[in-house]
Structure formats: structure tokens, C-alpha cells
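Here are some notes for a colleague at the bench, set out as numbered points. Please read them with the structure open alongside.

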Amino acid sequence: MSGNIQLLTDTLAAARAEGRSALIAYLPAGFPTVDGGIEAAKAVLDGGADVVEVGLPHSDPVLDGPVIQTADDIALRGGVRIADVLRTVREAHRATGKPILVMTYWNPIDRYGVERFTAELAEAGGAGCILPDLPVQESAPWREHADKHGLATVFVVAPSSKDARLAEITAAGSGFVYAASLMGVTGTRESVGAQARDLVERTRAAGSGLPVCVGIGVSTPAQAAEVAGFADGVIVGSAFVKRMLDAPDRAAGVEAVRALAGDLAKGVRGLAQDTGGAGRGDRPEIRR
């Protein structure tokens with residue numbers, strides 16, 4: 001069975017045709033429970049997100065800040081497994097028809113088996129993977145199986161990436177390029193910064209033609225509107241996770257992320273009225 005890379009491509013193209021950026025939401029599988037995570041993924045898609053990244057919880061998420069680390073810890077203590085991640089992908093896609101990616105560190109896939117993982121992700125209706133710690137020069141076996149099963153391979157670029165490195169990364173990737181707006185771990189912050197615009201411009205100049213989507217630091221509708229002014233997609237993670245963490249119960253958390261998705265969707269359409277409520281209480285060094 002073929003995965004849904006074409007659905008991802010078409011979704012990003014449709015947003016561009018509407019004169020806006022796509023809204024991409026991140027939520028970890030198994031948080032606060034497996035069923036709760038599925039409900040949350042459906043809610044953000046119903047609320048206005050175009051794409052969801054389902055995080056595969058990891059015991060040492062070195063690129064993620066305390067907010068996502070906390071959610072990962074809850075999921076892992078709840079016994080989440082790769083089968084639960086794939087179930088989350090399957091049910092979120094089946095319910096909404098929208099593209100679902102998995103964001104994961106490389107070690108769990110390597111241990112699970114690349115062929116097995118790509119085949120099962122495609123069977124679940126997944127659109128591909130974001131692989132922040134897989135070096136491009138070591139990615140050929142993954143890309144071979146991903147291509148075979150119709151899955152996107154999304155690599156991450158950073159402000160420190162040199163132009164030659166950007167060309168290498170974008171040439172190897174598919175689906176889109178994940179541009180990390182800032183150096184450091186994920187989390188919300190007050191300002192996204194000028195580095196993001198420069199990185200998007202340099203990534204586009206690398207010549208692959210892939211859409212460039214910006215994550216790390218976006219948490220409010222106004223920030224989403226700012227990034228939407230120069231990026232093909234706006235990626236929001238910690239702000240959604242924090243809404244779930246702060247909610248008094250699961251149902252309230254699901255409604256909170258649905259509402260945030262709606263506000264951010266207005267932001268990427270230039271309709272935001274920023275109240276400053278999303279993520280303003282986070283520590284300033286936490287980024288995404």
C-alpha cells in the first residue's frame with residue numbers, strides 16, 4: 001500500500017493557491033493517553049490545521065524543550081508503543097482525510113526496522129516522516145524504503161546550516177523542508193526573529209523547489225501571521241502541548257487545542273486578532 005506523500009504535496013499546494021501558508025500542528029502520540037492523543041489530533045485538524053505531525057515519544061528528546069519532554073514522559077509512563085503511534089496516524093487520517101506525518105528520532109525506527117516501519121506507516125495512511133537527527137549522508141536506506149512506500153522524507157535545516165549544506169539537504173528531502181527558526185530546543189517564545197526569514201530565503205535559493213515550513217517559536221496567532229508572510233507553512237508544537245498540559249481534564253484539553261487551531265488558522269490567513277494568550281507563560285528559553 002502506498003503512503004500519502006501526494007496528499008501532503010497537494011495540501012501544501014492548495015494552501016499556496018489560496019494565498020496563505022499551511023498550518024502544521026505537532027502533538028505526541030500517547031499524550032495524555034493513546035485515545036486522548038487521537039482525540040487531540042482530530043480536534044486540531046477539525047479546528048483548522050492542514051497537517052498534523054504525530055510525535056513518537058522518546059526517552060531522550062534532545063531537540064525538544066521541557067513542555068514536550070513532559071508530554072513524552074507522560075506518554076512513555078503510560079506505555080505508548082510504535083503500534084500506538086501508527087494507530088494515531090491511522091485514526092486521525094481516516095477521520096479527517098488530512099495528511100499525517102510522524103516526527104521521530106532515528107533510533108526507534110532503526111531498532112524497529114526501516115522496511116517494517118515504512119510499510120506499516122504507509123498502510124496506516126501516513127504521509128511521511130520528519131527525521132531531525134538523521135544525517136543526510138546516512139539516509140539512503142531510509143529514503144529508498146520511504147520512496148518505495150510513497151512517504152515523504154522531511155529533513156530539518158537550521159540558521160547555522162551553510163548554503164552548500166542546505167543544497168545537499170533539500171536535494172535529498174521530499175514533501176517539504178522543516179526550517180528551525182532558532183538554534184536550540186523546542187518551545188514557545190515572545191518573538192520568532194529575523195533568522196527565520198533569512199533561513200527560508202536561503203533554503204529556497206538552494207533550488208530544490210520544496211515548500212519551506214517554519215517551526216520553533218511560533219505560539220500565537222500574530223506570530224503565525226508573521227511567519228505566514230514569508231514561509232509556505234507554519235509549524236506549532238509546544239503551544240498545543242501546553243494547552244493540553246494546562247487543561248483540568250482531557251475533554252477540556254481537546255477543546256483547548258481545537259480552539260487554538262482555529263485561532264492559528266486565522267493567523268495564517270491574515271485574520272488574527274492576537275490576545276497574547278498562547279504560550280505567554282512559558283520560560284523564555286524554551287523554543288518551538
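Is Cys213 buried or exposed?

1. Cys213 is buried, since its relative accessible area comes to 0%. This value, like the others in this note, is computed from a predicted model and should be read in that light. Cys129 is likewise assigned a relative accessible area of 0%, and so counts as buried. As for cross-links, a search through the whole structure returns 0 disulfides, a disulfide being taken here as a pair of cysteine sulfur atoms within 2.5 Å.

2. On the overall make-up of the chain, the secondary structure amounts to 12 helices and 9 strands, and of the 288 residues in the chain, 57% are buried. When contacts between residues at least 6 apart in sequence are considered, 76% of them join residues that are at least 24 apart.

3. The pairing of helix α2, which covers residues 34–47, with helix α12, which covers residues 250–268, deserves a careful look: their axes lie 7 Å apart and the helices pack at an angle of about 25°. Because angles under 35 degrees count as roughly parallel, α2 is described as roughly parallel to α12. The crossing of α2 and α12 is right-handed. On the α2 side the contact is made by Asp35, Gly36, Glu39, Ala40, Ala43, Val44, Asp46 and Gly47, which meet Arg250, Val254, Val257, Arg258, Ala261 and Gly262 of α12. Sorted by character, the residues of this contact between α2 and α12 comprise 6 nonpolar, 3 polar and 5 charged.

4. A second helix pair is formed by α4 (residues 82–96) and α6 (residues 114–123), whose axes come within 9 Å and cross at roughly 30°. The two helices, α4 and α6, are therefore roughly parallel to each other. Here Ile82, Leu86, Val89 and Arg90 of α4 meet Phe117, Glu120, Leu121 and Glu123 of α6, and the residues of the contact between α4 and α6 divide into 5 nonpolar and 3 charged, with no polar ones.

5. Which residues does Thr11 contact, once its neighbours within four places in sequence are left aside? Thr11, which belongs to helix α1 (residues 5–17), is then in contact with Asp50, Val51 and Pro99. With a relative accessibility of 16%, Thr11 counts as buried, because the cut-off for that class is under 20% relative accessible area.

Terms used: Residues numbered from 1 in each chain as written. Predicted model: local features only at pLDDT ≥ 70, side-chain atom pairs only at ≥ 80, totals over all residues. Heavy atoms only, no water. Axes fitted to C-alpha atoms, helices over the stretch in contact; angles between N-to-C directions. Helix = DSSP H or I, 4+ residues; strand = E, 2+ residues; numbered from the N terminus. Parallel < 35°, antiparallel > 145°, perpendicular 65-115°, else oblique. Left-handed = near helix turned anticlockwise from the far one by under 90°. Contact = heavy atoms within 4.5 Å. Nonpolar A, V, L, I, M, F, W, Y, C, P; charged D, E, K, R; others polar. Buried < 20%, exposed > 50% of the residue type's maximum accessible area, 1.4 Å probe, protein only.
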